[in-house]
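Subject: Structure handover

Hello,

Here is the structure I promised to pass on, with my notes below it. I hope they are a useful start for your own look at it.

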Amino acid sequence: MKNIFIIGNHSNWHCGSKAVIEYLYCIIKKNKLKLVDNSQDADCVLVNGEGSLHHNGNDKFFKALSLKRKGKKVHLINSVWQNMNFRGMEDIKELDTVCVRELISYNEIKHIRPDAKIFTDLSYFLPIKKPKMQRNETVVGGFFIRDFSRDSEWVNFTEELRHINIKHYSSWQDYIEALSVAKLLISGFHHEIIAAIKLRIPFIAYRGNTDKVLGIIQRAEVNIPVATTPKELFFNMKSPVDEKEYDKLYNFVAAERPFNFADLN
């Protein structure tokens, strides 16, 4: 394996997805491999699944399968896999490696790929310069629910709080530094929760388009709820979780061995 081609560069989504690609660039360089611009020149194709493979979203899957059938080594990495039941999905057996990001995805794919591996989202492993932690504000992040910000109770509750949305930052380091003011993060974005775990900031999570955050929590076997309705979110804000549960989560993820090319079959 010398030449690497990547499918799934989502750096334009936000700086958390950009951090995933930066981490891949780091380990490509560290392993003295070459990143190529087209799959024809590649010995190995990395398919960065991120949050795309859910509810039968399968375009990336079929691209991967096509390249595999052309004789390429193809590895699905850093992926969600939830609510997938489309015809032909068992063809994922043909891929050389499957790595998902959390336990719920693993439990949904293990009957097809019992050899699937789990690694927390690769943004967590990107080296950062840890900021001086201020921990003096409750911070509100971003949410997938479009009309959530129109809820009058929510608007009234959050209007005096600091709003820090990952989509407003061009680099992972800049976002990490901005988040250092937080003593608590309220968020519906997976990568914002990843940053909170990295900085050991307690969080109150709201479900996004899949159970990405809940899957991380379940894997660490900790008791931290994820709200699925505004009513649950308000309840969770008024019912603090024991800090020991957060510490167990932080420590579990921090002890994880970073993903590297040695993890590819």
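Let me begin with I112. Leaving aside its neighbours within four places in sequence, I112 is in contact with M89, E90, I92 and K93, where contact means heavy atoms within 4.5 Å. The residue sits in the loop between helix 3 (103–109) and strand 6 (117–118); helices (H or I, at least four residues) and strands (E, at least two) are DSSP runs, numbered from the N terminus. I112 counts as buried, at 5% relative accessibility. Throughout, buried means under 20% relative accessible area, exposed over 50%, and partly exposed in between, with a 1.4 Å probe and protein chains only. From C-alpha to C-alpha, I112 and E94 are 10 Å apart in space and 18 residues apart in sequence.

Some ground rules before the rest. This is a predicted model, in which local features need pLDDT of at least 70 and side-chain atom pairs count only at pLDDT 80 or more, while totals for chains, interfaces and linings use all residues. Residues are numbered from 1 along each chain as its sequence is written, and side-chain values use heavy atoms, with hydrogens and water left out.

**The sheet**

There is an open sheet of 6 strands in the order 2-1-3-4-5-6, with parallel pairing; two strands pair if DSSP finds at least two bridges between them. Strand 2 (34–35) and strand 6 are the edge strands, each pairing on one side only. Further in, strand 3 (residues 44–50) and strand 4 (residues 73–79) run parallel and are joined by 6 bridges. To find one of these on screen, go to N48, whose bridge partner in strand 4 is I77.

**Nonpolar cores**

Here a nonpolar core is a set of buried Ala, Val, Leu, Ile, Met, Phe, Trp, Tyr and Cys residues joined through side-chain atoms within 4.5 Å. Which residues touch the most other members of the largest core? They are W172, F203 and F259, out of 56 residues in that core. Helix 1 (residues 15–30) provides the largest share of this core, 8 residues. Another core lies apart from it, with 26 residues, among them L53, M89, V98 and V100.

F203 is worth selecting for a look at its surroundings. Beyond neighbours within four places in sequence, its contacts include L184, L185, I193, A196 and I197, and also V213, I217, I224, Y246 and L249.

**Helix 6 and the cavities**

Helix 6 (190–199) is largely enclosed by the rest of the structure, because 9 of its 10 residues are buried. The buried ones are H190, H191, E192, I193, I194, A195, A196, I197 and L199. Just after helix 6, R200 takes a positive phi of about 60 degrees.

For cavities, the search runs on a 1 Å grid over the protein atoms alone, and a cavity is a set of points where a 1.4 Å probe fits but cannot get out; lining residues have an atom within 4 Å of a point. Grid points are joined across faces, edges and corners, and a volume is the space filled by probe spheres set on the points. The count comes to 2 cavities of 30 Å³ or more, and the largest holds about 90 Å³ of space. Its lining has 16 residues, of which G188, Y206, G208, T210 and V213 lie nearest the centre. Helix 6 and helix 7 (212–220) each supply at least two residues of that lining, and helix 7 gives the most, with 3 residues.

**Salt bridges**

The whole structure has 13 salt bridges, each a side-chain nitrogen of Lys or Arg within 4 Å of a carboxyl oxygen of Asp or Glu. A few to look up:

- E137 and R162 have their closest N and O atoms 2.9 Å apart. The pair links distant parts of the chain, 25 residues apart, with E137 in strand 7 (residues 137–140) and R162 in strand 8 (residues 162–163). E137 is partly exposed at 24% relative accessibility, and R162 is partly exposed at 36%.
- E245 and K248 meet at 3.1 Å, N to O. They are 3 residues apart in helix 9 (residues 243–254), so about one helical turn separates them. E245 is buried at 16%, whereas K248 is partly exposed at 42%.
- D263 and R257 meet at 2.9 Å, N to O, and D263 is buried, with a relative accessible area of 6%.
- K68, K73 and D96 are linked in a network of salt bridges.

Best wishes

Definitions and conventions. 1 Å grid on protein atoms, 1.4 Å probe; cavity = no way out; pocket = protein on both sides within 12 Å on 5 of 7 lines; lining within 4 Å.
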